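Please open the model in your viewer, with a cartoon for the backbone and sticks ready for side chains. The tour below goes from one selection to the next and says what is to be found at each.

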Amino acid sequence: MSHESPDPRPEPVAPAALVRTDGSVTDRTWDGHLVPEGYSDMIDGVRELLDRIAAAVPGADLVASTTKAVAELNDRFAEHAVAEPDQLSGRLITVPGRAQLAVPAVHIDEIGEDGMSGHVWFGRHFLGSNGVVHGGAIPMLFDDLLGRFAIVGGGARSRTAFLHVDYRSVAPIETTLRVTAHVERVEGRKHFLRGELLDGDRLCAEASALFLTLKDGQQ
Ligand SMILES: CCCCCCCC(=O)SCCNC(=O)CCNC(=O)[C@H](O)C(C)(C)COP(=O)(O)OP(=O)(O)OC[C@H]1O[C@@H](n2cnc3c(N)ncnc32)[C@H](O)[C@@H]1OP(=O)(O)O
């Protein structure tokens, strides 16, 4: 059984090249590794695939061909495995979601030293139930976004000490939601940050977090 339904996915806005928030273009990760052309498009494609799989009831033919294609891709990617310091995924700071597939892709509209605003669109991959974003995806979004500000400036490595999320109202999937984040205060190594997720003017969730700059030699 198949239903014709309008495709709710927004037009892709992630650029093919890695465009920084000031409009300049880079082809490197934040720690200097060269990124192959089309890498962020590949990540966008895989994100879409996750949404498509979540939303589909495939026939046996499609299940079998997908299983075979995925097995082949797994083998090919295994041949290109690198050690953690050399990996690209998660290190593309200019790409929504840093090319880390577990992280919801936040598109930054404005960014400064102390805060940012942007938007995010959760596809079916992030469905909890009843048209609502999975509750676990929202802390993931905040941890990643707020953690980014803990390294703005000196670029020092930091780690989440606590992340508190209040779910104020449901966050719908397949809807463009607004995201804000700002630094509340800094006390030595301690960076206190806050964030909000909004559907229009309606507050869906808010977060407060403490990130600690790591000491020399701290793992
Ligand atoms: C761009 C990329 C963005 C990605 C962001 C993703 C970030 C992450 O998810 S990191 C992974 C998740 N987090 C972790 O695994 C952290 C595990 N915990 C730890 O490693 C340690 O407990 C760590 C580093 C947080 C703190 O340890 P340590 O550096 O020894 O701090 P410590 O000396 O105990 O405390 C320092 C200060 O922080 C305070 N503090 C520490 N933890 C907490 C806490 N949970 N709540 C409140 N205050 C705290 C202490 O009270 C102390 O305050 P003060 O200086 O005023 O006395």
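Begin by selecting His-125, which counts as partly exposed because it has 19 C-beta neighbours inside 10 Å, a number that falls short of the 20 needed for a buried residue. Keep in mind throughout that this is a predicted model. His-125 is found in the loop between strand 4 and strand 5 (127-129). Leaving aside neighbours within four places in sequence, show its contacts, which are Leu-50, Asp-51 and Ala-54. Add Leu-49 to the selection as well: its C-alpha atom is separated from that of His-125 by 9.0 Å, although the two residues are 76 apart along the chain.

Now zoom out to the whole chain, colouring by secondary structure, and you should find three helices and 10 strands, which follow one another along the sequence in the pattern β-β-α-α-β-β-β-β-α-β-β-β-β. Of the 219 residues in the protein, 21% are buried. Among contacts between residues at least 6 apart in sequence, 62% join residues that are at least 24 apart.

Next, colour residues 18-86 as domain 1 and residues 102-213 as domain 2. Taken over C-alpha atoms, the centres of the two domains are separated by 23 Å, and six residues of domain 1 are in contact with seven residues of domain 2. On the side of domain 1 that touches domain 2, there are three nonpolar, one polar and two charged residues.

Select helix 2, residues 60-79, and place a distance between the C-alpha atoms at its ends, which are 29 Å apart; this agrees with the 28 Å that its 20 residues should span at 1.5 Å a residue. Is this helix buried, or does it lie largely in the open? The number of its 20 residues that are buried is zero, so helix 2 lies largely in the open.

For the interior, turn to Val-120 and Leu-146, the residues with the most contacts inside the largest nonpolar core, which has 27 residues. Strand 4 (115-121), helix 3, strand 8 (176-187), strand 9 (190-199) and strand 10 each supply at least two residues of this core, and helix 3 gives the most, with seven. Centre the view on Leu-146 and, not counting residues up to four places away in sequence, you will find that it touches Ala-181, Leu-193, Gly-195, Ala-207, Ala-209 and Phe-211. Apart from this core lies another one, of six residues, among them Ile-43, Leu-88, Val-95 and Ala-99.

Stay with Ala-99, which is found in the loop between helix 2 and strand 3 (106-111) and counts as buried because it has 27 C-beta neighbours inside 10 Å. Its phi is near 60°, a positive value in a residue other than glycine. Most residues other than glycine have a negative phi. Glu-174, in the loop between strand 7 and strand 8, also deserves a look, since its phi is near 55° and likewise positive; with 18 C-beta neighbours inside 10 Å, Glu-174 counts as partly exposed.

Finish at the ligand, where 14 residues lie around it, and where Gly-147, Arg-159, Thr-160, Ala-161 and Phe-162 come nearest. Helix 3 (137-150), strand 7 (158-167) and strand 10 (202-213) are the elements that give two or more residues to this shell. Colouring the shell by residue class should show five nonpolar, three polar and six charged residues.

How values were computed
Residues are numbered from 1 along each chain as its sequence is written. This is a predicted model: local features need pLDDT of at least 70, side-chain atom pairs count only at pLDDT 80 or more; totals for chains, interfaces and linings use all residues. A residue is near a molecule or strand if its C-beta atom, placed from the backbone, lies within 6 Å of it. Helices (H or I, at least four residues) and strands (E, at least two) are DSSP runs, numbered from the N terminus. Ala, Val, Leu, Ile, Met, Phe, Trp, Tyr, Cys and Pro count as nonpolar, Asp, Glu, Lys and Arg as charged, and the others, Gly among them, as polar. The expected span of a helix is 1.5 Å times one less than its number of residues. A residue is buried if 20 or more other C-beta atoms lie within 10 Å of its own, exposed if 12 or fewer, and partly exposed in between; C-beta atoms are placed from the backbone. Domain bounds come from an automatic or database domain assignment. Two residues are in contact if their C-beta atoms, placed from the backbone, lie within 7 Å. A nonpolar core is a set of buried Ala, Val, Leu, Ile, Met, Phe, Trp, Tyr and Cys residues joined through C-beta atoms within 7 Å.
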